[in-house]
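Please prepare a briefing on one sheet and one pocket of the model shown below.

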Amino acid sequence: PFPSDLDLGPEVAQLHDGYTPDQLGPDAGAGLEKGDLDAIQRLDTNVTWLGGVEVRRGKAGEFTVLLKKAGEYFIADQNGNGAAVLTVKGTAVKRQSAALDGTFAAVDGSRWDAPKSVQHNGWIRLKNTSDQPHFMVLNEVKKSTTKKDVKAYFSSGAEGEPAFGLKHYASSGVFSPGANVTFHLPHVPAGKYLLMCFWTDKAPGMPHAAMGMWRLVTLK
């Protein structure tokens, strides 16, 4: 999938009882990089993914996520080896939520429900009402890009950057069914973008984008 030059990707997750970080690492490698469907199944069922945001060198990435209960949460860099355990104590604290500019919802059938346009420097909510995890990749494309172009690219089975792909991109962490995460997009310019998910489906073993989980959107 493209893009191929993502930076740091902090992810917040809660591991289910009996599942450890020592198991998570190998399963992530085998499932997401090698397409091991047994590993994907374990990632789907043993981890509650709560989202994150890709962070560029020298810049801050901002996102918010609701930690519904006290306990231990695992924070890891999806593109590196950094990891830490966060212990949450006490009762829930009410906080003012960010003013949203749009929602990208992952829905059943591995597809996106998203507006045609949103603010390029605003706060976006990622919502998952499907039955498996997803993550978001926004890749800038040429203004002339059509749905036919995108369908042809994914139908070809190609994994490199398509001819219509441009350099700007943004990505989120993984978010499980029922999760709500919001993130800020300060570093991408206005333009036409391809909204995608590359999580591997546990049934056919294909990236969701290759199964049709993509949408052309405009950041204005």
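Which residue in β2 does Ala-13 stand opposite? Ala-13 stands opposite Trp-49. The model is a predicted one, in which local features need pLDDT of at least 70 and side-chain atom pairs count only at pLDDT 80 or more, while totals for chains, interfaces and linings use all residues. Residues are numbered from 1 along each chain as its sequence is written, and side-chain values use heavy atoms, with hydrogens and water left out.

**Sheet**
- Four strands (DSSP runs of E, at least two residues, numbered from the N terminus) form an open sheet in the order β2-β1-β4-β5 with antiparallel pairing, where pairing requires at least two DSSP bridges between two strands.
- Because β2 (47-52) and β5 (83-88) stand at the edges with a single partner strand each, one side of each is left without a neighbour in the sheet.
- Neighbouring strands are turned by 30° against each other on average, direction ignored, with axes fitted to C-alpha atoms.
- Strand β1 (residues 10-15) runs antiparallel to β2 and is joined to it by four bridges.

**Helix on the sheet**
- Helix α2 (residues 37-46; helices are H or I runs of at least four residues) packs on the sheet and touches β1 and β2, contact meaning heavy atoms within 4.5 Å.
- The direction of α2 makes about 80° with that of β2, on a scale from 0 to 180 degrees between N-to-C directions, the helix axis being fitted over the stretch in contact.
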